[in-house]
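Here's a quick tour for anyone opening this structure for the first time. Have the sequence and the 3D view side by side as you read.

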Amino acid sequence: MFKKFSALCYLRRSYSGDVGKLKAQKYVLTKYFQGEPKTNDFKIVEEGLPELKDGEILTEAHYLSVDPYMRAYMIGYKLPTDMIGGQIAKIIASRNEKYPVGKFVSGSFGWRTHTICDPRKLIGKAGFLPFMLLPDLNPHPASVALGILGMTGNTAYFGLKEICQPKSGETIAITGAAGAVGSHVGQIGKIMGCRVVGFAGSDEKCKYLEKELGFDRAFNYKTVDIKAALKEGAPNRVDCYFDNVGGEISSRIINYMNKYGRVAVCGSISSYNEASLPKVTILQPAIVYNELKIEGFLVDRWINRWEEGINANLNWLQNGKLKYQEKVYHGFDNMVNALIGLLRGENTGKAIVKVK
Ligand SMILES: NC(=O)c1ccc[n+]([C@@H]2O[C@H](COP(=O)([O-])OP(=O)(O)OC[C@H]3O[C@@H](n4cnc5c(N)ncnc54)[C@H](OP(=O)(O)O)[C@@H]3O)[C@@H](O)[C@H]2O)c1
């Protein structure tokens, strides 16, 4: 009885009742991408918001995620379509006592400023970023729940541990090594006692990987000879390859692996902006001769173990074993520039847009 009464008081306190006056802004994709995304592939649309129903919350976006899948996946949607993506948002009105005003949530709300949802329908469901009520992440910004403590963090954690299954003393090669997933994979590799060799797109990124994140070696794939770099960086050849980029560099690495090597195919960003797929060196002889195991994955395979990954990464973060960097773009109007920037390699670590 008392419980019921306090819940009622809570709803009165938290529900502003003004939702109907608020307008959300959202990006709608109106043209399929050709080459790089462009501002005029999108339009920004205003949308009225209905009053909250029992159990629903209204959220206001604070950080929007910028991810390669946004370039890769839109071809599968019928146009015009709302732009997809994860975000960290603050609850600004609530008719759900478990989700009070002022708390932050993560969710696959897309490129939009305000969202009404019913958490009961979202919890435990896969998505670009699974819905969660965020704990207090102090001293870190809530945006870490997009990166190191979010989808990319779990991609690194499960992709490396479950697909590559590295053993202490083995050598791991990583492409896209200075990005959100790659920089995280390398650090877990070091925690697991492996030799870690990364490939990234600038000398500055390589310096960061070696000096700040403890990679054994990092090479600028735009300027080095890949075969020579592998010989130098991985004298015992490669046991595990975490593939973020695909293309010819992946063929080179896979051709330089040890017997029973494991490849986690996470993505192929080198092809996302390309109209036709590149021709690359044949892999089958190396796969057969070295009896390699090559496995693609999508991180939501581990939706039922989501918290395990977050907690492991949080634990390493709190113990100083895991570092992160964010490339922060500012303003809702900057979403397209941020996506273009990510695909051009502007980011070290996780790319995000701070909208509030
Ligand atoms: N399977 C899954 O569930 C899953 C989940 C998350 C992400 N992913 C994939 O994982 C990969 C990394 O994602 P992320 O979120 O961590 O992004 P990210 O690595 O932070 O950002 C993209 C990076 O890709 C690199 N890049 C761009 N064009 C390239 C090219 N032609 N060749 C080589 N590198 C290029 C750029 O770095 P450089 O300066 O080094 O070129 C850029 O900074 C992507 O392929 C993504 O699709 C898969």
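## Buried, exposed or in between

Let's start with a yardstick: a residue is called buried if 20 or more other C-beta atoms lie within 10 Å of its own, exposed if 12 or fewer, and partly exposed in between. Keep in mind that this is a predicted model.

Try it on Arg 237, in the loop between helix 7 and strand 12. Arg 237 has 16 other C-beta atoms within 10 Å, so it is partly exposed. Glu 291 sits in the loop between helix 9 (284-289) and strand 14, and it counts as exposed because just 11 other C-beta atoms lie within 10 Å.

## Some unusual backbone spots

Most residues other than glycine have a negative phi, and most peptide bonds are trans. Those two loop residues go the other way on phi: Arg 237 has a positive value of about 60°, and Glu 291 one of about 50°, though neither is a glycine.

There are cis peptide bonds to look at too. One links Leu 79 to Pro 80, with omega about -10°; Pro 80 lies in the loop between helix 2 (69-73) and strand 4. Another links Asn 138 to Pro 139, with omega about 10°, and Pro 139 belongs to the loop between strand 8 (132-133) and helix 4.

## The parallel sheet

Now for an open sheet of 6 strands, paired in parallel and ordered 11-10-9-12-13-14. Strand 11 (217-220) and strand 14 (293-296) are at the edges with a single partner strand each, so one side of each has no neighbour in the sheet. From one strand to the next, the twist averages 15°.

Inside this sheet, strand 9 (residues 171-175) and strand 10 (residues 195-200) run parallel and are joined by 5 bridges. Thr 171 is opposite Arg 195 in strand 10. Helix 8 (residues 247-254) packs on the sheet, where it touches strand 9, strand 10, strand 12 (238-243) and strand 13 (257-265). The direction of helix 8 makes about 165° with that of strand 12.

## The antiparallel sheet

Another open sheet has 3 strands, in the order 2-1-4, with antiparallel pairing. Strand 2 (42-48) and strand 4 (81-82) are its edge strands, each pairing on one side only. Strand 1 (residues 23-29) is tied to strand 4 by 2 bridges, and Val 28 stands opposite Asp 82 in strand 4.

## The core

In soluble globular proteins, nonpolar side chains tend to be buried together. Here, the largest nonpolar core has 92 residues, and Leu 209, Tyr 241, Phe 242 and Val 353 have the most contacts inside it. Helix 4 is the top contributor to this core, with 7 residues. Leaving aside residues up to four places away in sequence, Tyr 241 touches several residues, including Ala 173, Ile 253 and Val 263.

Gly 233, in helix 7 (residues 226-233), is buried because 21 other C-beta atoms lie within 10 Å. Gly 233 is 60 residues from Ala 173 in sequence, but their C-alpha atoms are 9.2 Å apart in space.

## Around the ligand

What surrounds the ligand? A shell of 30 residues, with Gly 179, Val 181, Gly 201, Gly 267 and Gly 345 the closest. Helix 4 (151-164), helix 5 (180-191) and helix 11 (335-344) each give two or more residues to this shell, and helix 5 has the largest share, 3 residues. By type, the shell splits into 15 nonpolar, 13 polar and 2 charged residues.

Note on methods
Residues are numbered from 1 along each chain as its sequence is written. This is a predicted model: local features need pLDDT of at least 70, side-chain atom pairs count only at pLDDT 80 or more; totals for chains, interfaces and linings use all residues. A residue is near a molecule or strand if its C-beta atom, placed from the backbone, lies within 6 Å of it. Helices (H or I, at least four residues) and strands (E, at least two) are DSSP runs, numbered from the N terminus. Ala, Val, Leu, Ile, Met, Phe, Trp, Tyr, Cys and Pro count as nonpolar, Asp, Glu, Lys and Arg as charged, and the others, Gly among them, as polar. Two strands pair if DSSP finds at least two bridges between them. Axes are lines fitted to C-alpha atoms, for helices over the stretch in contact, and angles run from 0 to 180 degrees between N-to-C directions. Two residues are in contact if their C-beta atoms, placed from the backbone, lie within 7 Å. A nonpolar core is a set of buried Ala, Val, Leu, Ile, Met, Phe, Trp, Tyr and Cys residues joined through C-beta atoms within 7 Å.
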